[in-house]
Amino acid sequence: MTRNSFRLTTLGALAFGVLVLAPGSAHAQKIPGQPHAETGAALAQKICTNCHLIGASGQQTSASADVPSFKEIANLKGQSRERITMSIALPTHAMPMIELTREETSDLAEYILSLKTAD
Ligand code: HEC
C-alpha cells in the first residue's frame, strides 16, 4: 500500500464515522454539514405552512385541505430520507420558489423524518 492510499483509507473511515454517527446528533445543537431537525422545523414553519400541516406543535390551525401533512408524508410506505430529499430538491408540486441550500434541504428532510411514527 502506498502512503497516499493509506491516507485515503483513513479519510474514508473518518467520513464513514461521521455519516453513521450523524443521526444520533439530531437533537444536539446545529453542527454545520449535519442534518438538524430543529433547524428544519423552524424553516418549515416559515415557508411550508401555507399548504402543509407540519409537526405536532398544535400552533398551526390551518393548512390546505388536500395537501398531505408532514406527518403523513413521513409515514408513507417505504418513505426514506432520499425520497423526501428528492421531492424537496426537485418538487413535482407547487413549492414556494425559495432557493434552498443543500443544508436547508437536508434539515427539512431530517425534520420531516423525525415525525415518522410507523416502521
Ligand atoms: C403551495 C402549496 C405547498 C407549499 C408551500 C409546500 N408544499 Fe409540499 N406539497 C404540496 C402538495 C399539493 C403536495 C402533494 C402533491 C404531490 O406530492 O405532488 C406536497 C407534497 C410534498 C411532499 C411529498 C412528496 C411525495 O413524494 O409524496 C414533500 C416532501 C413536501 N411536499 C415538502 C414540502 C416542503 C419541505 C415545503 C416547504 C419548503 C413544502 N412542501 C411547501 C403543496 C405545497
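**Five helices and a ligand shell**

Buried residues make up 18% of the 119 residues in this protein. Keep in mind that this is a predicted model.

Start with the fold. The protein has five helices and zero strands. Along the sequence, the pattern reads α-α-α-α-α. What about contacts across the sequence? Take the contacts with a separation of 6 or more: residues 24 or more positions apart account for 56% of them.

Next, confidence. The average pLDDT for the protein is 78, and 70% of the residues score at least 70. Where is confidence lowest, and where is it highest? The low end is helix H1, residues 3–21, with a mean of 49. The high end is H5, at 95. Look also at residues 10–26. Their pLDDT is below 50. Beyond near neighbours in sequence, that stretch has eight contacts in the model. Where pLDDT is low, the predicted coordinates should not be read in detail.

Now the ligand. How many residues surround the ligand? The count is 20. The closest are Cys 48, Cys 51, Ser 87, His 93 and Ala 94. Three elements give two or more residues to this shell: helix H2 at 37–47, helix H4 at 81–89 and helix H5 at 102–114. H4 provides the largest share, four residues. By class, the shell has 14 nonpolar residues, five polar and one charged.

Two of those helices also pack against each other. H2 and H5 meet at an angle of about 100°, and their axes are 7 Å apart. An angle of 65 to 115 degrees counts as roughly perpendicular, so H2 is roughly perpendicular to H5. Who makes the contact? From H2, we have Ala 37, Thr 39, Gly 40, Ala 41, Leu 43 and Ala 44. From H5, the residues are Glu 104, Asp 107, Leu 108, Glu 110, Tyr 111 and Ser 114. Sorted by class, the contact has six nonpolar, three polar and three charged residues.

One last residue: Arg 102. Arg 102 sits in helix H5. Is Arg 102 buried or exposed? The cut-off for exposed is 12 or fewer other C-beta atoms within 10 Å. Arg 102 has 10, so Arg 102 is exposed. Arg 102 also has a partner to point out, Pro 35. The two are 67 residues apart along the chain, and their C-alpha atoms are separated by 9.9 Å.

To recap: helices H2, H4 and H5 each give two or more residues to the ligand shell, and H5 has the highest confidence, at 95.

Conventions. Residues numbered from 1 in each chain as written. Predicted model: local features only at pLDDT ≥ 70, side-chain atom pairs only at ≥ 80, totals over all residues. Near = placed C-beta within 6 Å. Nonpolar A, V, L, I, M, F, W, Y, C, P; charged D, E, K, R; others polar. pLDDT = per-residue confidence, 0-100. Contact = placed C-beta atoms within 7 Å. Axes fitted to C-alpha atoms, helices over the stretch in contact; angles between N-to-C directions. Parallel < 35°, antiparallel > 145°, perpendicular 65-115°, else oblique. Buried ≥ 20, exposed ≤ 12 C-beta atoms within 10 Å, placed from the backbone.
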